[in-house]
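Subject: Structure handover

Hello,

Here is the structure we talked about. Please open it next to this note and follow along.

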Amino acid sequence: MKQPSAVFIAHADKLQNIKGLVGGSVQYRRNSVGFSIKKDGLLDSQPVDYPRTINRGGYISYISEGTDENIYKYSSDFSNPVHTRTGTVSFIYEDSVAPNGKLEATVLRPTNEASVSKYTQQNSTPNSSGEHTFSMYLKSDGIEEVSLRISLQASPYTTFAVRRFNLVEGTIVSGVSGEGDIEYAGNGWYRVSVTADNLTQASHSFRVELPTTGTNLIDGVLLWGGQVEKGGRATSLIPTTSVAETRDSDYFSASVHDDEIRTHITSYFNLKLDNTGDNNSMFTFKDVSGDNYIRVRSQTNGTYIGVEVKMDGELFDDAIYVGNYDQDIKTAFSISDGTLRVSVNGEIESTNTFSKLSFSSGLSSVINSNLSASDDSTRFKGLINEIMIFPMSLSDAEMNFITGR
């Protein structure tokens, strides 16, 4: 197997400037705190400018997200009166371990066995109209099924999203509006969410509902980490107290030392893309001018990826079917004398012949955005697993081997 001239993989240590395993270095920045995810699902707070990683069963990936804001106040402090509730439930502030490993979880428990509404909610006004997602970390403490609901606070109390979740089986039981998601978060916790398509700038209720019947007064549900944010999916937790808080975007830039390679080159990206519902999530290997680059980007349908190569201003792009974004997507681009071949997940999927024989300048940096690392509108959203740059073109078999591993 031919050897790469640059390799970048995530490191477990907390370093701001990270040396590449071979032939380069990485700069990682973020102007706010954020969470890494350990092997057991435990959330680990990271200071300003420190890399965020996730340990997925033995290997580590960088977390890359854009700027997001949580308008759900006192996200884990349910003793604050901003969290209202019916008279048929109570909060029990027990010493229960939350997903961050601290004794911060609160129990929501029914006080009435009658068939009546049992819920806690927070009323909040979105800063802008459009799609919004409400998420919460939940764990069964005897009660198995819980619902999340987004509705207007005032008459006609329109419901925009509601889903009922089973916190033992980890499934969505039912729902009649909006979208829902449930993801296991370790130690019996699940992160559940509902998404409403088009909220207005009016006051809305973001509610956690217990079953109206069949509840035992000694049973309950553990709550922690509420979040309300713009967009169609729950991003990583942004803790809040008395005001809304913003998590800054993750800035990733890998410098390639051997940047004089222009005619024969292979680049390999192992990425996991978030399904953002747009084509604005980009991962780019580029030169200084922007006239030459290699790129992977999201697609609106979440079943294709976009591949792009620009050679001395001449652009080739293609959309390649990958099925879904629930998997790591491994892409290799090999260029030799102006001929491009693209391998995705073990298969040659696209080819092209350029009018030029080589890039007009060497590709020197890999960034998690478009052509500027500061462009948050094209920030790559997902996981960065591995990057390799080869100073030669690889054969079809060689490319399919590394993308099919």
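Two strands count as paired if DSSP finds at least two bridges between them. Keep that in mind for the strands below. Note also that this is a predicted model.

Strand β11

β10 and β11 are joined by five bridges and run antiparallel. Five bridges satisfy the cut-off of at least two, so β10 and β11 pair. β11 also has three bridges to β20, again antiparallel.

How many of the six residues of β11 are buried? Six of the six are, so β11 (residues 105–110) is largely enclosed by the rest of the structure. A105, V107 and R109 point one way from the strand. T106, L108 and P110 point the other way. In a regular strand, side chains alternate between the two faces of the sheet.

V107 is worth a click. Its bridge partner in β10 is I92. In β20, V107 stands opposite L222.

I92

I92 sits in strand β10, which covers residues 89–96. Is I92 buried, exposed or partly exposed? Its relative accessible area is 24%, and buried means under 20% while exposed means over 50%, so I92 is partly exposed. Leaving out residues up to four places away in sequence, I92 touches T106, V107 and R109. A185 is 93 residues from I92 in sequence, and the two are 22 Å apart in space, C-alpha to C-alpha.

The largest pocket

The largest pocket has a volume of about 1,300 Å³. It is lined by 42 residues, and the closest to its centre are D181, E183, R233, A234 and D274. Which strand gives the largest share of this lining? That is β17, with seven residues. Several strands supply at least two lining residues each, among them β4 (34–37), β13 (130–141) and β32 (382–390). By class, the lining has 14 nonpolar, 13 polar and 15 charged residues.

The second largest pocket

The second largest pocket has a volume of about 480 Å³. Of its 19 lining residues, K230, G231, T276, D278 and K381 are the closest to its centre. β8 (68–70) and β20 (220–230) each supply at least two residues of the lining. What classes make up this lining? There are 10 polar and nine charged residues, and no nonpolar ones.

One link to look at on screen: β20 is bridged to β11, and β20 also helps to line the second largest pocket.

Best wishes

Key
Residues numbered from 1 in each chain as written. Predicted model: local features only at pLDDT ≥ 70, side-chain atom pairs only at ≥ 80, totals over all residues. Heavy atoms only, no water. Helix = DSSP H or I, 4+ residues; strand = E, 2+ residues; numbered from the N terminus. Buried < 20%, exposed > 50% of the residue type's maximum accessible area, 1.4 Å probe, protein only. Contact = heavy atoms within 4.5 Å. 1 Å grid on protein atoms, 1.4 Å probe; cavity = no way out; pocket = protein on both sides within 12 Å on 5 of 7 lines; lining within 4 Å. Points joined across faces, edges and corners; volume = space filled by probe spheres on them. Nonpolar A, V, L, I, M, F, W, Y, C, P; charged D, E, K, R; others polar.
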